[in-house]
Structure formats: C-alpha cells, structure tokens
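Here's a quick tour for anyone opening this structure for the first time. Keep the 3D view handy and follow along by topic.

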Amino acid sequence: MQTINKYILLAGVVAISIFASCEKDDPEIPHEEEVITTLTYTLTPVSGGDVVTMTFQDLDGDGGNDPVITGGTLAANTAYVGELNLLNETETPAHDIGAEVKEEDEEHQFFYQVAGGLNLSVTYADVDADGNPVGLSTTLSSGDASQGQLTIILRHQPDKGAAGVSTGDVTNAGGETDIEVTFDVEII
Amino acid sequence: MSFFISGDSLKTTYETISAGLFKPDNMKIQVLFGLFLLFPFFSQAQECNLTITGHVRDMGTNIPLEFATVFLEETGQGTLSDSTGLFKLENICEGEYHFYLTHIACDPKQIYFKISKDTVIDLYLNHHFELLDEVVVHASRDENSTQESNSVSRENITSESNKNLSDILEQVAGVSVLKSGTGISKPVVHGMYGNRVAIVNNGIQQAGQQWGNDHAPEIDPFVADHLSVVKGAGALAYGGNSLGSVVLVETKPIDEDPHLHGEANYVFQSNGLGNTLNLKVEEKADWASWRISGTYKLIGDHKAPEYFLTNTGKREANIALQLEKNFSNKWSSELYYSLFNTDIGILRGSHVGNLTDLEDALSRDVPFFTQDDFSYNIEAPRQEVSHHLLKLSTKYLIDDSKVLSFKYGGQLNQRKEFDVRRSERSDIPALSLDQHMHFIEGQFSASLWQDVFLKTGLQFNFTDNTNNPETGILPLIPDYRAFQTSAFAIAQKEMDRLLLELGGRYDLKQLNAVTITQSQPHSIERYNLVFHNYSFSGGVKFKVAPQFTTNLNLGYMLRAPEVNELFSFGLHQGVSGIEEGNRMLQAERSTKILWSNDLKVKDKLFLQALGYYQQVNDYIYLQPQSEYRLTIRGAFPVFLYEQTDAEIFGADFMAKYIPVESLDFLVRYAIIRGKDLTNDLYLINMPSDNIFGQAVYSWKGGDLLWNLRFGVNGKYVFEQKNIQPEQDFVLPPDAYFLLGATVGAHFKLKNDSLLKLSIKGENLLNSSYRDYLNRFRYFADEPGINVSFNANYTF
C-alpha cells in the first residue's frame, strides 16, 4: 500500500504543476505576409487623357467588413495600357504581392472576362520565360458606349498549355484561384 | 455455457478453419480434433506416459476457474478444467512445453514449462473486471454473432496492417468510414463521428485534433490485439464526449514465457505499390516482461481504374514499447509508450481556391494535375502528423474482490498541414498545432454484496492546444486550455439468465480559449466557458432460451460543444466555404435506445438483429447561410455552427450459415437514417445502406500445411437517396458493387514457428465508383483493383 501512496503523491504533484499555470498565454499573432488585400488596375490612355483606376480593397481578410470596390469609367473607342498592382496592406510598408507573382510568372496567369454587354477587349502585353502570357501588363481597347462588368481572375499553377488559355480563356486553365474580383465598368 | 477461444488461438495447431471472421464455436469438436492430431506422435518410440495435473485459479482471488481451457501448443493436446478448476493431461512426452490458457472473462495467457516427470502445477489467470459490453468483446468469442459484430481479431488486423485503423474497423457491424481521399479516414459508428465518437487507445482516450473530418486517428492498428466498439453502458467508463459509442484499441498482456517470441508481418499492395512491414518481439525476462513493435509503411500514388490519383502516397513509421511487471500476486504495473509518425499526400486535384474552381473540378472526368506516371513523391497538399503516447498504470488487488488501479496518460500531438502556396511557402505549414494532453485516473472495482459488481472512477484531464505562428495564417481554431474533471460509477448484477447494468457519469468541463480577432489591427480576446455533462445508461441482457439472447440498452448523454464548434473561423479549403464557430452553443442532449437479439440454431445458423434509435436535442451541425461572403478570391458560402433537434435510427442484421464444417456463408446488412427534425431535412454524411456477403471454403489440412481457405465476397452500397439536392454541391454518387476474394494457408515450420500466407483481391472488377462518405467524391474516383499479398511469420 505504501507504494500506492507514492503514486497518489506523484499524481498530485503532476496535477498541481499543470494547474500552476491555468490561463493560456497570449498567442503570437501570425505574420500574414501572403494575404492579398488590395488589387489596383490602372488604365492609362495611350494617346493622353484621364487615367482610370479600379480598386478592390479588403483590409481585414475573409471576415469582418465588406471589401470596398471601385469600378471605372472609360472613354469610348480608346486604347489603354493596363497595369495590375497587388498589395498586402496589413503590413507596413505594404508588401508588393505583384512582385511575388512576377517572380513566379510561369506559375501564374491573369484572366480578364468581360460581361454584361461591355464593349471592351483586353489582350496580354507580357510573357513569362516560356513565352506564355502572364497578364500583369495588358492593353485594352474600348468600343462604343456601353456598360457591364470586368472580372479579373488570378490562377495559381494553371495549365498554360491547355486549349485557349494563352488567348485568355480560363475554361481549361485549371489551377487554383487566388483572385477573382469583378468591377462595374462604364464606357462613355 | 460458453467457452472462450482467444484471437490468438491460431497459435495452436488444431485451429479450426477460420474465414477471417469466423471463430470456432464448439470447443469439444476442437479438443477432439486436437487429440486426433496427436495420433502420429503416439507412434513414435518415445516415453510418452507422463501426466500433468493441476488447478486453474484466478490470480487475485485463488478461486478455481471452471471451464478454463489448457492447451499444449507443441502437441495440440487440450483439456478443460472441471468445477474445482482441476485439469489433467495424459500421455505427455518429456520435453518443453508452452501452455496456452484461456477462460471466459480472462486475458488469455501463455506459460512455459519443462516437463520431465509426472507434474502437478497450479496455473493462474488474471480475471477481467469487466462490464456487459466489454465481456461481449472479450469473452464471447464462441458466440459467433456477437463477437463478429463487435470486434476485429488479431489475424484480421495483421493481414490488413497496410490499411488505416478506421478502414479495418469497417468490419465491425454498424461501423462505416468517413474518408478524405485514400489516406485519411475516420470511423462512423451508428451515424456518429468526429467529436461524437471517442477512440480509446490502450485505456487512454486519443487526444489530438479529433474534431477535423480530415484528421485520422493517429494509431497504428498493428499494436492492437483486437479492435472493438462498445455501444452500451460500458462506454461511460471512458472519456467524456462520446454520444454512446466508444472505439477501443487494446493490446494483450505479454505471455508468461521466458523465450523470445514474436512475429514479422509484411503486406504488399499492388494499388499504390505499397509496402508495409511490421515487427513484434516479446519476452518475459526476469526483470520485467517486455514487448516492442514497429511498423513502416511506404505507399505511392493510388490508381483509379482510369487514372492515377496523383499525390495520394503515404509514409508511416511507428514504434511501441510495452513493459509489464508483477511485483507480487496482488500488484502489477505497466508502462506503455508509442510514437506514431505519418506523412500523407492529399490528391493534388482536390485543392481548390474558390467556388468556381470547385465547380470546374465537379465537371471534370479526370482531376486537374493528374500525372501520367506513378510516383512515391508526396508534395503539398499534405499532412505531417506525429503522436506520442506515454501510459503508466498500476493495479492493486486489495482483497479477493476489490481492485484499485491508477493510470496516467500523457500525449503530445503535432499536426502540420501544408497547402499549395505562392513563393515557396508550400514548405511552410498552413496549419500547425501542438497539443499536450495529460490524463489521470483512479479506478476501483469490486464485487460487493449479492454479487453486484461495481466499477467506479475519478478522472482528470488537461489539454493544452497551441497554434504555431510560423504558418503566417490566422488560426482556424484558437489556442486553448481545457480542464475536465469526471466521475463515473457502473454497477452490474448477474442473475441466472439475466444481467442488469446501470451507470452514471458526470464531467465538469472548463475551456479557456484565446482568440485572435479578424479585424485589423488584430487583437486578442479571452473566453472562459464552463459545461456540465451528465450521462446515464442502463442495460438488460436476458437469455430467453439457450439459443436466444436479447439485450436492451438505454442511455441519456450530454455532450458539451467542442472548441471547433465554438470558435473555428476560417476558410475550409476542401468544401470552399467559410466556417464560423458559435459561442452560444449549448450541450447536445441525446437519448439512445439499442436493442439487439441473437439467435443460434443448432450451431449451424447464427442470426443477429440490432436496432437503435437516437434522438439528439440541440444537435450541433454546420448550417449553410443564405448570404455569400465576398473576398478577393470571389464569393464564398458561409457555414455557421447551429443547433437543431435530430434523430438517427437504423438497424444492423447479420446471418451466418455453416451447413458443413468446411463451408460458411455470411451476410451483413446495415441501414441508417438521420433527420433534422426542426428543418425537416435529412442529415448529411449518413452512411448509405449497404449489404455484404461472403462465402468461404476451408480445408483443415495436415501437419505441415493447414487451414487452407478460399473465400469470395461482395459488397453492394446503395445510392444515398436521403438527401435533398440543395444540401450538397453535387448529388450523391451512384450505387456500386465491389467484388473481392481471398486465398490463404498456414504452414508449420521448424521450432514451432508458423508461416501464414494469403492473397487478397479488392475491387476485382476494377469498377469506377465514388462513395458518398468520401469527401473527395467531388474530385476523383475511388481506387481500382488491388491485389495484396500478406506473409506473416510467427515464432
């Protein structure tokens, strides 16, 4: 029985040492360097005029407040140069995600989808090391006055060789979607 | 009257034909057969006229044990002890012998003796102090139906040691498997899974991240002597959160044998070109009895009939050490340590970024990222899990009828999950959790006045869960500490043909969670929650006639919400949804009634019918919300943990027919329904109805080769029709049929070692099918044909 008492004692010591620190310490907040909070699509008219900036900004990630989306108004029958900018604004200074994508451009491709009767065409203006389009830089040409939506999709690890992918058709691209944002666009 | 053949009876030479599921039922036939095998020995010109006599007694109480079986492994001679515990073996040659002792409600035991003259020996067996259900599991192996329906024997575990614990458990009636691809599976018992089914490994409730449907229990099935499912009051003695069923993984005490014994087991599987190697050695040394076992698995990409399932390989390395020491006849102790390590690949094509991707995946015949070649490579997405378990237990017999025991269990679970990420972040886990768990238990069992058996205990449980910030992602579940103090008592009374059982349990649960807010800048919030859990259970077992037993169980249980149900927040990749916990959840209250009937007709026909009905008030489930949440990756559906009233009912049927000794037929049928009563919907993830049939022909064979058997089996799984189309992204898959076959034989080698060889074929028709309970049914077909080869060498 004496040995049994020893065990009880041992169990007690273990229990006490556990109880000694009841409250859980504050967790270390993870460094969310990967998050994309902000997408900016800057359209500069080739032959001068107003620069159009479309933004999607969601500073608190998947939950919390709704994202702030700003569409754009383009001039009719005008050629634009488009530049995409991706930021993680939870960091100070903001982390340039666009640079990350550029670094791994063989593994990424943007797709531009026009819907709702918008008279707009978007073509790729950049290529990766294999000569396939990326889509960080684009050229756009607007048609007659109209309105609709422009959706920008970023796929990670798409099959760039699949049918239609190099001309900007997402159907056979596969991969995972990292970005899918839709802007209301008007052409006047 | 019943006798007991242990799962290890294969060690004996006369083992009656076993089809894997069937254990012999009539001891007398076996004994006669055993004696029959002796005839060749009589002819030898050796002095074989020695006699061994003695008594078989209970180690603690010295009470003689009637109907204990005593076998000499070397000769296959066997006998039964009489009402005074007396046994007698005659015509024994001089030599060294291993005695194999079994008795109902005792752990089987092997003892070694040198016999050179007429000998009188007393043999002791350790009595189980067990309850109704546990007795069913351990003792009634002769009652075919009950045993088969509740446990998996050692032989079946070793021949399938390449599989996961949960997949092996599927042989138990009422158990289905919830899968996430080929490598990850969780048991579903009577429609309950995850937080609602406790898994007890070696007497310690399995800790770890059991809440996740894609988190498989971190247990190597090879360490187990048997696996079983306890569905009644016996479940109250184990950890607090089950709603009625407990899965037990149990080892066997080390045999009292001074020789080194062990086994080597190897399984090759054609699908996935998998290799599984298990080794086990044990010995009763002077200082203590010890056993070491180890497992190594290397499995590559599985193959569906039409394509490879890219990145579905698996690696696993496990080791376990068991030490036992009897300090005296009254006092024994055990130390057990196990380490489980696995690296599991997850189908590459199942990794989706948003709903559009999921819809794309649903519309494809062949998953994205499918490679043309087989590979053992495992890349993201994948899981890396390690699990340590340390158990110390000691048992003291206070007097003839009272036992006091203490147990400590410590666990460390480390889980890392890797996703496909940008900028070489795929090597940084997206989820990284460390969980420590400490468990202390004091238990007291006693036979009290008028043969009332009482089992009572106090338990304390502490869990500490920490997210590693290395992930760079806000954690899905918060850091927390949980404290649980529990007490239980179960009483049992055995009368002539009636067994009554009554039990109760109380748990005080405290949860101290620390969450990180989603809003920027992130801040920290603390929550302290307290829950009281009560459970009651009662059971009656009545032997209506020698051939017919009926068993009724009634239970009322509370289950406090778990940390994921309360606090989880984040994107669930697999289902492309945002999952949100609910801090207002109350405990689930469940009433379950279970009625089972066993009928035995002339040792030829065994029938079992089991029905159950369970009502769960405030059943916690994930309710899809009407709103979609817009993120930079598109709009996601939101799922919130809510409560409803639910009912689950079903039935398991089994019939076994043995027209002649060399032939047996088995049919099993299971049906289950789950309903959300408040919303008038069916419950998701309920197993489809299914029917399993098997026919086995066996040939006992001779001295060297015996137990030759051929079996064919088929399984038909019905389409799950009890679900509304809007409850899922896609309709449940079609019904399917799988054909299987086995061939096996045992060979007697020199030095009493034994070689068992078998070949097993699964999905022999190479059918393309998907299963409703596999979450990866959205993405890919199940594996096609698989032929596995198993060699088991026991010495």
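**Chain B at a glance**

The domain assignment splits out two parts of chain B: domain 1 covers 9–125 and domain 2 covers 246–794. Measuring between C-alpha centres, 37 Å separate domain 1 of chain B from domain 2 of chain B. Bear in mind that you're looking at a predicted model.

- Chain B is built with seven helices and 41 strands.
- Of its 795 residues, 51% of chain B count as buried.
- Take the contacts in chain B with a separation of 6 or more: 65% of them link residues 24 or more positions apart.

**A five-stranded sheet in chain B**

- Five strands of chain B line up as an open sheet, in the order β8-β13-β14-β11-β12, and the pairing is mixed.
- Which strands sit at the edges? They are β8 (151–152) and β12 (204–205) of chain B, and each pairs on one side only.
- β8(B) runs antiparallel to β13 (residues 226–230) of chain B, with two bridges between them.
- To find that pairing on screen, look for S151(B), whose bridge partner in β13(B) is S228(B).

**Nonpolar cores**

- In soluble globular proteins, nonpolar side chains tend to be buried together.
- The largest nonpolar core here has 60 residues, and those with the most contacts inside it are L169(B), V188(B), V200(B), L227(B), V246(B) and V247(B).
- What does L227(B) touch, once residues up to four places away in sequence are left out? The list is S151(B), V152(B), I157(B), I168(B), L169(B), P221(B), L248(B) and V249(B).
- Another core lies apart from that one: it has 35 residues, including L43(A), V52(A), Y112(A) and V170(A).

**Sheet and strand pairs in chain A**

- Chain A has an open sheet of four strands, ordered β4-β11-β10-β7, with mixed pairing.
- β4 (72–74) and β7 (108–115) of chain A stand at the edges with a single partner strand each, so one side of each has no neighbour in the sheet.
- On average, neighbouring strands of this sheet are turned by 30° against each other, direction ignored.
- β7(A) pairs with β10 (residues 146–156) of chain A in the antiparallel sense, over eight bridges, and there Q113(A) stands opposite T151(A).
- Elsewhere to look in chain A, β1 (residues 38–45) and β2 (residues 52–57) pair antiparallel over six bridges.
- L43(A) stands opposite V52(A) of β2(A) in that pairing, and both residues also belong to the core of 35 residues.
- The hairpin of β1(A) and β2(A) has six residues between the strands, and in it G48(A) takes a positive phi near 80°.
- β1(A) also pairs with β5 (residues 79–88) of chain A, again antiparallel, over eight bridges.
- In that second pairing, L39(A) has L86(A) of β5(A) as its bridge partner.

**Where the two chains meet**

- How many residues does each chain bring to the contact? Chain A gives 43 residues and chain B gives 46 residues.
- On the side of chain A that touches chain B, α1 (2–19), α2 (97–103) and β11 (176–187) of chain A each supply at least two residues.
- By class, that side of chain A has 17 nonpolar, nine polar and 17 charged residues.

Technical notes: Residues are numbered from 1 along each chain as its sequence is written. Chains are lettered from A and ligands numbered from 1 in the order in which they are written. This is a predicted model: local features need pLDDT of at least 70, side-chain atom pairs count only at pLDDT 80 or more; totals for chains, interfaces and linings use all residues. A residue is buried if 20 or more other C-beta atoms lie within 10 Å of its own, exposed if 12 or fewer, and partly exposed in between; C-beta atoms are placed from the backbone. Two residues are in contact if their C-beta atoms, placed from the backbone, lie within 7 Å. Two strands pair if DSSP finds at least two bridges between them. Axes are lines fitted to C-alpha atoms, for helices over the stretch in contact, and angles run from 0 to 180 degrees between N-to-C directions. A nonpolar core is a set of buried Ala, Val, Leu, Ile, Met, Phe, Trp, Tyr and Cys residues joined through C-beta atoms within 7 Å. Ala, Val, Leu, Ile, Met, Phe, Trp, Tyr, Cys and Pro count as nonpolar, Asp, Glu, Lys and Arg as charged, and the others, Gly among them, as polar. Domain bounds come from an automatic or database domain assignment.
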